[in-house]
Amino acid sequence: MRHTKIRYCFALIAVIMTAMAFTQAVWAKADVTSTDELSEATFAVQTGTTCGTDAETHFPNAQIDYYNTLTDILTVMRTGKADATVCDIGVLRFLQIDNKDIVTVGDIIEEIKLAPAFPKTAKGQALCDEYSEFVRQLWDDGTMKELDDAWFGDDESKRQVIDYENLPDTNGTLTMAVDASIVPFAYVKDNRIVGYDVDVVARFCKAKGYRLEISNMSFDSILAAVQTGKCDFASCAITVTEERAESMLFGEPVFTSGNIVAVIDHSINPDGTPNTGENQSDEDTSIWGSIRSSFEKTFIRDDRWKMFVMGVVNTLIITLLSALLGTLLGYLVFMMCRKGNRAANGITRIVMFLVQGMPMVVLLMVLYYIVFGQLKISGLAVAVIGFTLTFGSSVYSLLGVGVGAVDKGQYEAAYMLGYSDRRIFYKIILPQALPHIVPSFKGEVISLIKATSIVGYIAVQDLTKIGDLIRSRTYEAFFPLIAVTVIYFLLEGILRFGIGRIELNVDSKRRKTRKLLKGVKTDD
C-alpha cells in the first residue's frame, strides 16, 4: 500500500509538470508595444519596493498585485495572471541574462537612487557618514564603474566577493540586513550571500576594520530591522524616498537607476529560442528531460542540496524545540491553574487571548522587532519562543479537555480509597486523559511544522525560505516548490510515526499488568 501511494505521488507530479509545460507551450498573447495599452492591465510588483507606488501613480486604472519574489512575478506573467510588471532597470538587466523573454516597454517611468539605509541614531549617523565617504572614494577612483561592469555583465566569473566572513573585527562587527533574492544586488551563490551591494559593503568593512554579518530576511522586513536596531544597516537595492528619509538615514547612493515597465514576449522562450508552440520530442526537451534538468539546477548545481539540508535542520530545530518546550509550558501552566488559582488563571487567560488572537507572523514580528528589538538575539531563537507560546497554549487547552473528559467519580472513588491528590492525578486521571489528548496533540505538531514556513520574515533560513532563494537563482517556478512540498511530506510522515508510537504506549489497554494499580498498600 505504501509503495502504491509513492507511485501515485510521482505520477501526480508528472501530470502537474506536464500540464504546466503544455500551458506554457500553447500560451500566446499579442505583444505589447506601448504603455498606453496597459492602462487597465494587471501589474505584478514586489512587496516592499517603490515599484507598486510608481505603478499606481502612472497606471491609476490598473490592478496592482503584490508578490514576495521576482520569480513569482515572472511566473504569473508567463502564465497570464499578470500582464506586466514595474521593475528596477538594474535588476531587470540581470534578469534578462537568463530570461530573454522579458522585454521593456517605453522609457523609465521614475528615476531612482539606491543607497544603504541606517537608523536615525548617533551611532547610525556616524556609520552613515563613514560609509558615504568611502563610497565617494570608490566613485572617484572608478571602482564603482568596475563593479557595475562585473555584476551586470555576462561573465559570472567576475562576480566575486571577498571573504567577508573572516574579516578581522578590529573596530567591531556590523550586521547588514538583505533580501538574498534581489539579483544581482544580493543573492546566494555557492551557499554564500553575494551581490553588488554585498561587494561594496565587504570592501568598506575590509578597509575600515569591521567584521561583517549578513542577516537575510524578506524585503518588506528590512526597513523595520533597521528602524528597530536589529541590524546596524541595510543595503539591498533600497530606493531613496522622501517618506523613508523621515524614518531613517540614507548613505551615498551606490547605484542610479529607474523603474521601468516590462512584459513577457511570448514569441520567444526564456533561453532566447523561438516559441513555436509545438511540443518537442527529443530527450532534452521532453517532460522527463525537463525534470532531470530542474533537479540538476535545484539540487546539484552549486551544491544547493546543502542549502536544503540547512533549511530542514532549521525547520526541525524550531519544530522539535517548540513542541518540547511548549508541551512543558502548557503542562506547568495547567498544573498551576487546575486547582482554581485566581491569579494564575487570570494571567493565563490574558496571555492566551493575546497569543491565540494574533496572527502567527504578526506575533513573530512583534517579538523580533519590538519585544527583543534591542537585544542581539537570533531569529531562530525568537521563532522558538513564539511557537513555544502558541504550542503551549494549545497543550494547555488539550489538557483541560482531556482531564475534563474523565468522570469526576474517579476522583471521589480514589479519595475514598485513601489516595493522595498527586497519586490520583498521575496514576488515575492522567492515564485516562492521555488517549483523548494524543490524537489532537499529533495534529498540533503537524500543524506546527507547516506553520514554521513563515519564519523567513524574521531572518530564519527555514525550508520554505531556502526554496524561495533557490527559485530566485534558477527561475524555476515550480520544481523547487514541489521539492519543498515533498520534503515537508517526508518530515510530517516521520513526526506522525514517532507520535503514533507514543500514542500506542499511552493506551491504557496496552499497559503492562505490573503497571496497573493494585489498591492501597498496607502493613497487614
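In the predicted model, helix 11 passes helix 14 in a right-handed crossing, a crossing being right-handed if the near helix is turned clockwise from the far one by less than a right angle. Helix 11 spans residues 305–337 and helix 14 residues 379–404, and the two pack at an angle of about 45 degrees with their axes 6 Å apart (axes are lines fitted to C-alpha atoms over the stretch in contact, with angles from 0 to 180 degrees between N-to-C directions). Helix 11 and helix 14 are therefore oblique to each other, angles under 35, over 145 or from 65 to 115 degrees falling in other classes. Their contact comprises 20 nonpolar, eight polar and no charged residues, with Gly counted as polar and Tyr, Cys and Pro among the nonpolar residues.

Five cavities of 30 Å³ or more were counted, a cavity being a set of points on a 1 Å grid where a 1.4 Å probe fits but cannot get out, lined by residues with an atom within 4 Å of a point. The largest cavity has a volume of about 180 Å³, and of its 20 lining residues Q46, T49, C51, D88 and V91 are the closest to its centre. The lining divides into twelve nonpolar, six polar and two charged residues, and strand 3 gives the most, with four. Because domain 1 (30–112 + 257–279) and domain 2 (117–253) both give residues to this lining, the largest cavity lies between them.

Residues are numbered from 1 along each chain as its sequence is written. Local features of this predicted model need pLDDT of at least 70 and side-chain atom pairs count only at pLDDT 80 or more, whereas totals for chains, interfaces and linings use all residues, and side-chain values use heavy atoms, without hydrogens and water.

Key
On a 1 Å grid over the protein atoms alone, a cavity is a set of points where a 1.4 Å probe fits but cannot get out, and a pocket is an open set with protein on both sides within 12 Å along at least five of seven lines; lining residues have an atom within 4 Å of a point. Grid points are joined across faces, edges and corners, and a volume is the space filled by probe spheres set on the points. Domain bounds come from an automatic or database domain assignment.
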